[in-house]
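This report describes a pair of protein chains, taking each chain in turn and then the contact between them. Please keep the structure open while reading.

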Amino acid sequence: MSITVQNVSKSFGSFKALDRVSIEVPSGCLVALLGPSGSGKTTLLRVIAGLESADEGMVRYREEEVTETPVQHRQVGFVFQHYALFRHMTVFENIAFGLRVRRWANDKVHQRVRELLHLIRLEGLDQRYPSQLSGGQRQRVALARALASEPRVLLLDEPFGALDAKVRLELRQWLRRLHDQIHLTSIFVTHDQEDAFAVSDKVVVMRQGKIEQVGAPVEVFEHPANAFVMDFLGHVNVFKGHLRDGRPVLTGYLPHGVANNFSTPGVVFVRPHELEIRHEQPEEGALPAKVDHLHPSGSAIRIHLRSPCGESSCCVELGVDAYQNRPLAVGTSVWVAPRRGRVFEPEYSI
Amino acid sequence: MSSRVPLPGFALSLGYTLTFMSLIVFLPLAAIAWKSADLSWEQFVQTVSHPRALAAMRLTFSTALIAAAINIVLGLIVAWVLVRYEFPFKRWVDALIDLPFALPTAVAGLVYASLYMKDGWIGRFIVPMGIEIAYTPAAIVMVLVFTGFPFVVRAVQPVLEEIDTDLEEASAILGATRWQTFWMVLWPNLRPAVVTGFALALARGLGEYGSVIFVSSNLPGKTEVAPTLIVARIEENKFAEATALALVLLLSSFALLGLINVWEKWSRRHEA
């Protein structure tokens, strides 16, 4: 079931949480709403669910307008950030809740709950109480409860937010596989770009109640629409500089603190893996730096460097193999040269 | 065992607790039992099974139970409004809840009696309609509601504050009506606190004397509660009989509260 949001606005007092937001989620698609806190992503999700009413605009599930439909009748599955499991009910009764209130026959309830317990791989734990489960298990129970009465759409608020790193990775893969099995139109909210990229078909990047960019994960990562998206979707170095014939030319460091000001003109954005380390001074466009700190990060080595005067820093990511060909010691003086860089039109709004 | 506790003070605080519990609670209770032993077993049975004593006990327990039950409903509503809504003078209303704790209950009794008397502010309208409240068991229930009411509010309030609105939203989004949400989601979470409030209000009602003597006509066998009867016996210098009645009142209250405790524990069984 596709979801359409048209020109939805929502204010809390003088704070504008959503400012004429429109999105289109095709049927069977898994979409991530990505943005920093206060960007309006959770509010948008709650408006779609019916937990919050829009000040203006409308929400449709396929062709049916649901803007005014009360939440009880929208038939949506919703997974809360902190699960909101009913702690006085067993796992079984939690999952069965949506069926009980709809007065399903007892044997059908049992059958459906067994199916879901199998789906979330928690068979045998059905008589436990939520307090006796781990975080990941609670999350899965919350998901099963949301899926029990066969909702038309599934909405998840920060589904991985409260989990530790390892469980998070597992659950991410599991959620993706689950979605490939059941093909339910789903939207989830996250502030973590890795969550968004790992799970979703499509990413919607939000800031200050507006949508900044919509696209497939690779597309958004490779072609960020503006400096904000570039910065938000991963680590980025910001230098003074410009492009010449499409090649970045670095002319100096930016003082600390300027880096996040997206309206600064004359800056170049370079991702850590797009920077190179040179041991001799190359042609123009490179900057001198001193190795400050090395830390391994999966298949890459992250090299943190400082400007000679010491007040600015940058980060280079090297493949482990490339690094091992020519290891670096802390304190070594080198040059950093960009292979690729981006410039954005400065923003004048806000 | 105490040497294993990293923070010192266990022995001292336990000793302190036992000393004061003994002086303030156990000793007077033991004295009641001791004094009533002045009676022979036959006299004891005769005293407590006297029709007047039985009627007083019945009235005490029934009015206290009814009042505590009414307080559940009233207290829940007031706690709900105080927790969930914002309105002008909310803090004032919140502070007023405790008034029955502070007010001498005799004052409450006098006020209720004068309000519902034949020519009181309320009585002058309802007595001609045939509704007699002053000096009847209904008046007793009314003052017990007044004195017990803060217990339920204060027991429920913190628990209600802790219940996340997430739970209600989850329930609604799963298709539950407001009523289903209350019964299936909120009530089971509130029940232990309500039981506590109920038990406290009940205990308060069982022992209430000051307000009841003013609103009740205190007729033996009709509108006389057990505490009033005990005082009457004391005034007749029948101390042993008074303590015998007190002992029965005490033991049955204790049994009732114990029962409530068991129920409360049972309703908390999901808490690991």
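Helices and strands are here DSSP runs, helices of at least four residues and strands of at least two, numbered from the N terminus. With that in hand, Gln208(A) can be placed in the loop between strand S9 (202–207) and strand S10 (210–215) of chain A. The model is a predicted one, and every value below is computed from it.

## Chain A

Chain A contains nine helices and 18 strands, and its C-alpha trace spans about 80 × 45 × 30 Å along the principal axes. Of the 350 residues in chain A, 54% are buried, and the accessible surface of the chain comes to about 16100 Å², with 48% of that belonging to carbon and sulfur atoms. When contacts between residues at least 6 apart in sequence are considered, 66% of those in chain A join residues at least 24 apart.

One example of a link across the sequence involves Gly28(A), which sits in the loop between strand S2 (15–25) and strand S3 (30–34) of chain A. Gly28(A) is separated from Asp180(A) by 152 residues in sequence, yet their C-alpha atoms are 9.0 Å apart in space. Setting aside neighbours within four places in sequence, the residues in contact with Gly28(A) are His179(A), His183(A), Leu184(A), Thr185(A) and Asp201(A).

## Chain B

Chain B has 13 helices and zero strands, and its C-alpha atoms fill a box of roughly 70 × 65 × 30 Å, taken along the principal axes. Buried residues account for 43% of the 272 residues in chain B, while the accessible surface of this chain comes to about 15200 Å², 71% of it belonging to carbon and sulfur atoms. Among contacts in chain B between residues at least 6 apart in sequence, 75% join residues at least 24 apart.

## Two residues with positive phi

Most residues other than glycine have a negative phi. Against that background, Gln208(A), which is not a glycine, has a positive phi of about 45 degrees, and this residue belongs to the loop between strands S9 and S10 of chain A already mentioned.

In the other chain, Asn237(B) has a phi near 65 degrees, again a positive value in a residue other than glycine. Asn237(B) lies in the loop between helix H12 (226–235) and helix H13 (239–267) of chain B. Is Asn237(B) buried or exposed? With a relative accessible area of 56%, Asn237(B) counts as exposed, because the cut-off for that class is over 50%.

## The contact between the chains

The size of an interface is often given as the accessible area lost when the parts come together. For chain B and chain A this buried area is about 2100 Å², of which 63% is on carbon and sulfur atoms, and the contact draws on 20 residues from chain B and 25 residues from chain A.

Between the two chains there is one salt bridge, formed by Arg46(A) with Glu169(B), whose closest N and O atoms are 2.6 Å apart. Six residue pairs are found in polar contact across the interface, both residues of each pair being at pLDDT 80 or more. On the side of chain B that touches chain A, the elements giving two or more residues are helix H9 (165–173) and helix H10 (178–207) of chain B, and the largest share, seven residues, comes from H9(B). Sorted by class, that side of chain B has ten nonpolar, six polar and four charged residues.

Key:
Residues are numbered from 1 along each chain as its sequence is written. Chains are lettered from A and ligands numbered from 1 in the order in which they are written. This is a predicted model: local features need pLDDT of at least 70, side-chain atom pairs count only at pLDDT 80 or more; totals for chains, interfaces and linings use all residues. Side-chain values use heavy atoms; hydrogens and water are left out. Contact means heavy atoms within 4.5 Å. Buried area is the accessible area (1.4 Å probe) that two parts lose on being put together, summed over both. A salt bridge is a side-chain nitrogen of Lys or Arg within 4 Å of a carboxyl oxygen of Asp or Glu. A polar contact is a pair of N or O atoms within 3.5 Å; within protein, one must be able to donate a hydrogen and the other to accept it, and residues adjacent in sequence count only if both atoms are side-chain atoms. Ala, Val, Leu, Ile, Met, Phe, Trp, Tyr, Cys and Pro count as nonpolar, Asp, Glu, Lys and Arg as charged, and the others, Gly among them, as polar. Buried means under 20% relative accessible area, exposed over 50%, partly exposed in between (1.4 Å probe, protein chains only). Accessible areas come from the Shrake-Rupley method with a 1.4 Å probe; for residues, only the protein chains shown count as cover.
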